[in-house]
Amino acid sequence: MIDLDMGAYAAFVWPAWGISAAVLAGLAVRAVVASRRWNAELKQLDKDAPEARAGIAPQK
């Protein structure tokens, strides 16, 4: 069985675990938001200039 009793150090250990979990969750959320933003920007760029994606020089 897992022993979760931290004894006299519980006042320091549990907040440290909580802060670490919050930071990791924040980083995960930030990565998902950035990914969605980049995908939206890529779709917009593909929509604006499909010939650029194909490697064709734009005509003047």
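**A quick tour of the model**

Start with the whole protein chain: its secondary structure comes to 2 helices and 0 strands (DSSP runs numbered from the N terminus, helices being H or I of at least four residues and strands E of at least two). This is a predicted model, where local features need pLDDT of at least 70, side-chain atom pairs count only at pLDDT 80 or more, and totals for chains, interfaces and linings use all residues. Residues are numbered from 1 along each chain as its sequence is written, and side-chain values use heavy atoms, leaving out hydrogens and water.

Now switch on the surface. The chain shows about 5,800 Å² of accessible surface, with 66% belonging to carbon and sulfur atoms (Shrake-Rupley method, 1.4 Å probe). Of the 60 residues, 2% are buried (under 20% relative accessible area; exposed is over 50%).

Next, select Trp17, which sits in helix 1 (residues 10–48). Is Trp17 buried or exposed? Exposed, with a relative accessible area of 57%.

Then pick Asp5, in the segment before helix 1. Asp5 is exposed too, at 60% relative accessible area. Zoom in on its side chain: that of Asp5 reaches the backbone nitrogen of Gly7 at 3.2 Å.

Conventions:
Buried means under 20% relative accessible area, exposed over 50%, partly exposed in between (1.4 Å probe, protein chains only). A polar contact is a pair of N or O atoms within 3.5 Å; within protein, one must be able to donate a hydrogen and the other to accept it, and residues adjacent in sequence count only if both atoms are side-chain atoms.
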